[in-house]
Amino acid sequence: MNMQHVDNALSPHGGTLVDRCVADKEKAVQMVDDCAAVLRIRGTCARNLINIAYGFYSPLEGFMNRKEVESVCNNMTLSSGHLWSLPIVCDITPETEKQLGIKEGDYVLMEYHNIPFAVLQVDEIFSFDKDAMIRSIYGMNNVDHPGVKAVHALSDRFLSGPVWLINPPVFHDPYDQFFFTPKTLREKFRRRHWNRVLAFHTTSVPHLGHEWLMKASWFLHQAKGMLVSCAVGEKRLGDCIDECVLLCHKELVNAGYFRDNTHVVSMMLWDRWYAGPREAVMHAIMRKNLGCTGHVFGKNHAQPEGTADSWAAHYAFRDLPDLGISSVLSKEWFYCEQCGGMTYSDFCGHNNRTQKIESQSVCSLLSTGVRPPMHLLRSEVFDTTIGAADKYGFGDGYVTQEYLVKRNPIFTLNKF
């Protein structure tokens with residue numbers, strides 16, 4: 001890996017928390033007037049814009065140019081030398097590029113659902129070999145892999161350059177309870193005197209295995225606080241619906257399984273890459289920007305089961321420089337009849353008496369309405385899932401075709 005001599009341990013990443021939000025309405029209006037074209041963007045691009053503008057992606061100030069994408073794919077660094085593992089790009093079809101007449105140097109108004117959202121100053125328009133990008137990120141080109149499919153679905157041209165958010169997102173119920181910017185979270189940690197904060201990344205309703213993984217990792221990191229950081233964004237059939245994930249993790253606090261003064265549930269806009277170790281590094285960088293000092297990594301982190309080494313994320317940081325956030329590595333927690341409770345894979349030798357807790361098995365129980373036993377899932381979590389399914393999921397706590405079509409928006413924009 002070709003690494004320049006930079007301090008990757010600085011927190012936020014790069015040393016400064018990026019803020020690309022324009023609070024002055026008159027300035028925002030003037031920026032819109034200066035734009036040469038209007039580009040209507042999709043959900044993934046909008047979510048990336050929010051992450052750039054609020055500093056989740058510090059030190060990025062905009063979408064990557066060709067040099068940055070090449071550096072990230074080939075070296076896992078930005079051109080500055082700072083560690084970075086996944087390309088953050090704004091794709092555009094050649095037809096749209098031609099129709100809008102966008103040129104390098106132009107200011108482009110980015111609209112989301114036909115409402116002004118952000119301004120992009122175009123510094124480069126380029127193409128990139130998507131097959132090469134896939135080989136670098138995934139080490140293969142399996143067309144059935146969900147991450148590979150997502151990269152293949154990108155358009156053939158890319159716009160790069162700095163962005164400004166001119167119309168802040170308005171988050172809807174229940175997301176408005178859980179969206180905290182890096183600046184807000186850092187201030188929350190400061191007020192609570194949390195000098196050591198452990199991040200737990202999740203896209204699932206919490207079962208007992210998750211709960212004990214968090215508790216054990218909290219002790220291992222000698223943490224003052226636990227940040228449950230739920231990844232909210234694009235969904236696939238069979239996923240837990242985002243509303244259930246957020247509300248069920250919060251219910252663990254409401255029901256007293258975690259103390260409120262050591263536990264915070266938040267959300268992060270993130271469309272999964274399913275990129276295993278590379279995505280694990282990206283998760284660590286983003287949670288470092290939130291103010292966390294440690295990050296939990298378990299089995300099959302950020303990758304579909306059976307597509308690679310189940311523990312690949314445990315080795316992701318071995319040959320990397322100090323990233324300024326500790327990797328807290330955990331194996332499996334499960335229920336053992338002989339031990340009489342939850343236990344850990346490195347402790348328990350009762351191979352024929354254990355019940356490994358898989359999210360899929362819990363999902364199937366919830367979908368049928370059958371109440372899982374307490375050693376699989378807290379009864380309060382089950383009840384919360386049923387309530388959230390009825391309110392947000394059209395009767396199902398897991399993503400259906402109806403949910404994909406009709407789900408409530410995560411956020412909308414005010415008229416500009």
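Biologist: How many bridges join β1 to strand β4, and do they run parallel or antiparallel?

Modeller: In this predicted model, β1 is joined to β4 (residues 107-112) by four bridges, and the two run parallel. One pair to find on screen is Arg40 with its bridge partner in β4, Glu111.

Biologist: Which residues of β1 are on the covered face, and which on the uncovered one?

Modeller: Take the residues of β1 (37-40) by face: Ala37 and Leu39 belong to the covered face, while Val38 and Arg40 belong to the uncovered one. Leu39 also turns up among the contacts of Ile92, a residue of strand β3 (90-92).

Biologist: Is Ile92 buried or exposed?

Modeller: Buried means under 20% relative accessible area. Ile92 has 3%, so it is buried. Leaving out residues up to four places away in sequence, Ile92 touches Leu39, Glu97, Ile102, Ser155, Asp156, Arg157, Phe158 and Leu159. You can also look at Ile41: its C-alpha atom is 8.9 Å from that of Ile92, although 51 residues separate the two along the chain.

Biologist: Now the open sheet of five strands: what is its order?

Modeller: Read across the sheet, the order is β11-β10-β9-β12-β13, and the pairing is parallel. At the edges are β11 (263-269) and β13 (326-329), each pairing on one side only. On average, neighbouring strands are turned by 30 degrees against each other, direction ignored. As for β12 (294-297), four bridges join this strand to β13, and Gly294 stands opposite Ser326 there.

Biologist: On to salt bridges. How many does a search of the whole structure find?

Modeller: The search finds 20. One of them links Arg378 and Glu211, with 2.7 Å between the closest N and O atoms. Arg378 is in the loop between α11 and α12 and Glu211 in helix α8, so this pair ties together parts 167 residues apart in sequence. Arg378 is buried at 14% relative accessible area, and Glu211 is buried at 1%.

Biologist: Where do Lys406 and Glu402 lie?

Modeller: Both lie in helix α13 (401-406), four residues apart, which is about one turn of the helix. Their closest N and O atoms are 3.4 Å apart. Lys406 is partly exposed at 49%, as is Glu402 at 35%.

Biologist: Which residues make the nonpolar surface patch of about 280 Å²?

Modeller: Leu237, Leu404 and Val405 make that patch. Leu237 sits in the loop between β10 and α9. Exposed means over 50% relative accessible area; Leu237 has 53%, so it counts as exposed.

How values were computed: Residues numbered from 1 in each chain as written. Predicted model: local features only at pLDDT ≥ 70, side-chain atom pairs only at ≥ 80, totals over all residues. Heavy atoms only, no water. Pairing = 2+ DSSP bridges. Axes fitted to C-alpha atoms, helices over the stretch in contact; angles between N-to-C directions. Patch = residues over 30% accessible without salt bridge, like charges linked within 9 Å, V, L, I, M, F, W, Y side chains within 5 Å. Areas by Shrake-Rupley, 256 points an atom, 1.4 Å probe, with all protein chains shown as cover. Salt bridge = Lys/Arg side-chain N within 4 Å of Asp/Glu carboxyl O. Buried < 20%, exposed > 50% of the residue type's maximum accessible area, 1.4 Å probe, protein only. Contact = heavy atoms within 4.5 Å.
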